[in-house]
Amino acid sequence: MLAYNTVQGVLIGYVVAVIPLCFRMIQCFNQAKQSSGKFFGHIQMWNFFKNGASFTTSTLSFLNKFHPQLLTAYICSSIISTLAAYYWDLVD
């Protein structure tokens, strides 16, 4: 089992990573709703899901510290998240 200080450090790192992602997802949702009145089909929907993929990767990274069997899911999520961010940078 991981030491308390290690768990605390991992938890703080996780929280620091996901708070900006949560705010960005809320911002994307609000931008879509305010500009067109709908979320689905708006360009910001894709940005929302890109940030959601990063949130999932951060969560799997955190959980992988305690459940090593999640390594494959974490690697797959990391690849998907990176490709989504790269594609978004090309499109935007």
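A residue is taken as buried when its relative accessible area is under 20%. By that cut-off, 28% of the 92 residues in this predicted model are buried. The accessible surface adds up to about 6,300 Å², and carbon and sulfur atoms contribute 68% of it.

The overall architecture is easy to follow. The protein contains 3 helices and 0 strands, giving the pattern α-α-α along the sequence. Its radius of gyration is 15 Å, well over the 12 Å expected from the globule rule for 92 residues, so the protein is more spread out than a compact globule. Along the principal axes, the C-alpha atoms occupy a box of roughly 50 × 20 × 20 Å. Among contacts with a separation of 6 or more, 48% join residues that lie 24 or more positions apart.

Lys50 deserves a closer look. This residue belongs to helix H2, which covers residues 43–64. Lys50 is buried but forms no salt bridge, and Asp89, the nearest side chain of opposite charge, lies 5.5 Å away. That distance falls outside the salt-bridge cut-off because a side-chain nitrogen has to be within 4 Å of a carboxyl oxygen. Beyond its neighbours within four places in sequence, Lys50 touches Ala84, Ala85 and Trp88.

The cysteines complete the picture. The count of disulfides is 0. Cys22 takes part in none, as the nearest cysteine sulfur, belonging to Cys28, is 12 Å away. Cys22 is partly exposed, with a relative accessibility of 31%, and Cys76 is likewise partly exposed, at 41%.

Note on methods:
Residues numbered from 1 in each chain as written. Predicted model: local features only at pLDDT ≥ 70, side-chain atom pairs only at ≥ 80, totals over all residues. Heavy atoms only, no water. Helix = DSSP H or I, 4+ residues; strand = E, 2+ residues; numbered from the N terminus. Buried < 20%, exposed > 50% of the residue type's maximum accessible area, 1.4 Å probe, protein only. Lys, Arg positive; Asp, Glu negative; His and termini not counted. Contact = heavy atoms within 4.5 Å. Disulfide = S-S within 2.5 Å. Rg over C-alpha atoms; globule rule 2.2 N^0.38 Å. Areas by Shrake-Rupley, 256 points an atom, 1.4 Å probe, with all protein chains shown as cover.
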